[in-house]
Amino acid sequence: MMLLNVDPSLVDWSRAQFALTAMYHWIFVPVTLGILFIIAFMETIYVKTGDPEWKRTTKFWMKLFGINFAIGVATGIILEFEFGTNWSNYSWFVGDIFGAPLAIEGIMAFFMESTFIAVMFFGWNKVSKKFHLASTWLTAIGANLSALWILVANGWMQFPTGMYFNPDTARNEMVNFWDVFLSPVAVNKFLHTITSGYIVASLFVIGISSYFLLRGRESLLAKRSIIIASVFGLISSIAIILTGHGSAVQVAEKQPMKLAAMEGLYKGGTNAELMGFGIITPGKQAFDGKNDYVVKFGFKGMLSYLIAFNKDHYVPGVEDLINGVPEKGILPAQERIDKGKIAVSSLKAYKIAKKNGNTAEARKMLALFNENYKHFGYGFLDKPTDIIPNVQLVFYSFHAMVLLGTFFVFVFLAFFWFSFRNTIEKFRFRKLLYYIALLCIPLSFIASEAGWVVVEVGRQPWVVQDYMPVSAAVTDISSSSVQLTFFIFAVVFTALLIAEVSIMTRQIKIGPTKQEK
Amino acid sequence: MKLIRNIFRFYVDGFKNMPAWGRTAWAIIVLKGVIIFILIKFLLFPNFLKKNFETDEERSDYVLEQLTKKADNYDVTER
């Protein structure tokens, strides 16, 4: 138990509830982010060519977007409720920085949803073709910009910057908006996340089109949709490789423990190995002397090279980050815990001195606090190994994401090749390809969720990197109330998911209707 | 005024001519809205600091107290 008087099960249930809500919310988001651009491309071709089949294709995918949007909308707002109830210390601590991006997101989402989406759905034959097309593009851009703000806020939690902690209010205050907004972590996170959504949406479109081809229906709509989605998916795959690399470089610099967990790297060094895949020794703990892996397949030196384009680049492992590597500027975790305790205690002493009117003592304590503030979060930890996340979960999630992402590139390439040459229906193993595409729909969601597991589990124990562990962020409330709402959410979200899948599959089976012509 | 009337009519016509799947989607949005904003927000998820404290100063003091609980075991005043 890291924070005195906090029930450890409260922390676990609060985390479980947040994870449940976030993961369900994320089921609906990626399709929305990506399919809108696919629809916008289709409608652009319709406006350019005047071909009514493109309009029919556009309207069919718009219908599926509408169902996904209707069921997914507002599921994210519950996360904000949880901040206020379960994570009040955190909400207060980050309030000014987290509040601004979330407020912008809320306003932007409201205006976008009430105007451009309405034109998209109600405006056919009521506004000009060009105005309708502009609304579709603006909806796509708006949805992605809406995602920008929450990802900026999340980026700040991974790499807090552009802020000043006010010891009188116990809040971080934004001193430089651009440092927060353009932080390299936030920029990479935004680009990596939205491109992952584009890939999910592309596979969604290809998978459903494959269903039509398997059934021998809607051949033209399916083939045209596959061309658009495979090109979009391929471009997005190239972008995600670049942004993934960018994110990994940022993680190496700002969250080295997360990188060590992603690679299952317990002992670091130069010429560090990039793990293609491996099985970590069951029950493996830092410093237990066991082999790191039962089996592994890696590329020697590649991790160092990818991070710094230099095989001699030093990459710390889990144990190095605990012990410290002074010559590389890495302090031992115990030293940071000691400095963190000084920061926490001097903050309390400052507050008492100020209350008692002892200005000299208050000034002295404030100086001591400021000197140690960058270690503040460590002051809540008991022992150095508390900074290790769940290595196995992070490692397997990361590798599942990467392997699936690589597999998707080949799927996009195959569909692009056959559909561009218009030979997909002559391909000998086309049925297998169609079934693979169908399978890729759930696989893409698994890859996308796994990415979030890497991001969020990998940064444990921190809710705000180095400044606040989850145990200090949680509200001191009864864990039974959190358990109750956990199960309520589990039921509500599962019902929504069932509704989504059943309505969606019914509409897919119906296919494009006459009204959509 | 005419513009406002046209916009209003645009929305009314849109809702009137909505296909069956659209009506189902709206039914889900409304039901979900009731569950999220009434049941979840007001009954199960009050804002802890807003509910229990009246001023920002009280909230600050409470959070500071929570964050510095552990400092009781660590004395820095002799430094």
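A polar contact is taken here as a pair of N or O atoms within 3.5 Å, in which, within protein, one atom must be able to donate a hydrogen and the other to accept it. In this predicted model, that rule picks out seven residue pairs in polar contact across the interface of chain B and chain A, with both residues of each pair at pLDDT 80 or more.

On the chain B side, helices α1 (2-16), α2 (20-44), α3 (48-52) and α4 (56-67) each contribute at least two residues to the surface that touches chain A. The most comes from α2(B), which supplies twelve residues. By residue class, the side of chain B that touches chain A comprises 24 nonpolar, nine polar and ten charged residues.

Turning to the interface as a whole, the contact draws 43 residues from chain B and 68 residues from chain A. Together the two chains bury about 4,600 Å², and 74% of this area lies on carbon and sulfur atoms. Charged pairing is also present, with two salt bridges counted between chain B and chain A. In one of these, the side chains of K69(B) and D476(A) come together at 3.8 Å, N to O.

Within chain A, helix α12 (residues 333-355) lends itself to a simple check of geometry. Its 23 residues, at 1.5 Å a residue, should span 33 Å, and because the C-alpha atoms at its ends are 33 Å apart, the expected and modelled spans agree. After α12(A) comes G357(A), a residue with a positive phi, near 75°.

Note on methods:
Residues numbered from 1 in each chain as written. Chains lettered and ligands numbered in written order. Predicted model: local features only at pLDDT ≥ 70, side-chain atom pairs only at ≥ 80, totals over all residues. Heavy atoms only, no water. Contact = heavy atoms within 4.5 Å. Buried area = accessible area lost by both parts, 1.4 Å probe. Salt bridge = Lys/Arg side-chain N within 4 Å of Asp/Glu carboxyl O. Polar contact = N/O pair within 3.5 Å; in protein donor to acceptor, adjacent residues only side chain to side chain. Helix = DSSP H or I, 4+ residues; strand = E, 2+ residues; numbered from the N terminus. Nonpolar A, V, L, I, M, F, W, Y, C, P; charged D, E, K, R; others polar. Expected span 1.5 Å × (residues − 1).
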